[in-house]
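Notebook open. I want to see what surrounds the ligand, then follow the strands from there.

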Amino acid sequence: MIIIFSGPSGVGKSTIINNLSNDFNFYFSTSHTTRPRRESEIEGKDYYFISEDEFNSMINNDEFLEYERYGSYYYGTSKKELERNDFIVLDLEVNGATKLLTSNDSYIGIFIDIDDNVLIERLNERGHDDQFIQERMNLAKEQRQSMGNFDYIIKNIDLKATIKEILDILYDLEKK
Ligand code: 5GP
């Protein structure tokens with residue numbers, strides 16, 4: 001079972017996925033990225049941090065199931081990550097998620113959203129400047145146009161309620 005989480009940047013996807021892992025057993029697909037590692041991130045858990053040359057060579061060797069450029073960096077899911085007979089969770093930006101969901105009916109898409117004012121607050125907390133925030137808000141508007149390709153749309157107003165809502169979905173899917 002392959003579950004794809006997506007939604008605008010800053011909606012709390014990583015926090016949600018981390019919390020879900022306390023109550024539900026799944027394998028988190030670790031992506032490759034050319035973005036520099038943030039201090040809190042762990043190599044091989046959050047991402048495999050690689051150079052652009054290494055990323056290009058993985059593209060040339062056809063190692064990616066999908067990849068996208070997002071902002072100034074590349075992000076990709078290697079085919080290897082999905083070679084498991086498990087519940088697999090992917091955290092993808094909206095373009096990559098939409099492409100996978102429209103190419104394979106068996107993938108389940110969960111779109112996470114939040115109100116614009118909360119999104120602005122979150123991006124502010126991350127220390128981004130006004131121009132960057134405006135760009136991300138425009139992008140969020142564009143990304144919401146792909147919501148229709150997802151099986152579930154969840155507004156993350158209260159984290160606890162969101163987790164519960166998603167756990168219910170996962171338990172249901174597990175029964176199928
Ligand atoms: P961040 O730099 O904030 O960790 O991630 C930026 C965006 O890239 C997020 O929306 C995240 O979901 C997305 N992302 C992470 N890994 C992948 C991937 O392998 N493929 C795609 N298409 N998007 C990814």
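I looked up which strands help build the ligand shell. Strand 5 (64-70) and strand 6 (73-78) each supply at least two residues of it. Worth keeping in mind throughout: this is a predicted model.

Next I checked how these two strands go together. Strand 5 and strand 6 pair in the antiparallel sense, over six bridges. For the register I noted one pair: Phe 64 stands opposite Ser 78 in strand 6. The connection is a hairpin with two residues between the strands. I looked at the turn as well, and Gly 71 there has a positive phi of about 65°.

Back to the ligand. I counted 15 residues around it, and the ones that come nearest are Arg 35, Tyr 47, Glu 66, Tyr 75 and Asp 91. Sorting the shell by class, I get seven charged residues, four polar and four nonpolar.

Then I went through polar contacts to the ligand's oxygen atoms. For Tyr 75, a polar side-chain atom lies 2.5 Å from a ligand oxygen. Asp 91 gives 2.5 Å too, from an N or O atom of its side chain to an oxygen atom of the ligand. With Arg 35, the distance from a side-chain N or O atom to a ligand oxygen is 2.6 Å.

How much of the ligand does the protein bury? Taken alone, the ligand exposes 510 Å², and 92% of that is buried by the protein.

Last entry, on pockets: I asked which one the ligand takes up, and its space turns out to be the largest pocket.

Methods:
Residues numbered from 1 in each chain as written. Predicted model: local features only at pLDDT ≥ 70, side-chain atom pairs only at ≥ 80, totals over all residues. Heavy atoms only, no water. Near = heavy atom within 4 Å. Polar contact = N/O pair within 3.5 Å; in protein donor to acceptor, adjacent residues only side chain to side chain. Areas by Shrake-Rupley, 256 points an atom, 1.4 Å probe, with all protein chains shown as cover. 1 Å grid on protein atoms, 1.4 Å probe; cavity = no way out; pocket = protein on both sides within 12 Å on 5 of 7 lines; lining within 4 Å. Sits in = over half its atoms within 2 Å of the grid points. Helix = DSSP H or I, 4+ residues; strand = E, 2+ residues; numbered from the N terminus. Nonpolar A, V, L, I, M, F, W, Y, C, P; charged D, E, K, R; others polar. Pairing = 2+ DSSP bridges.
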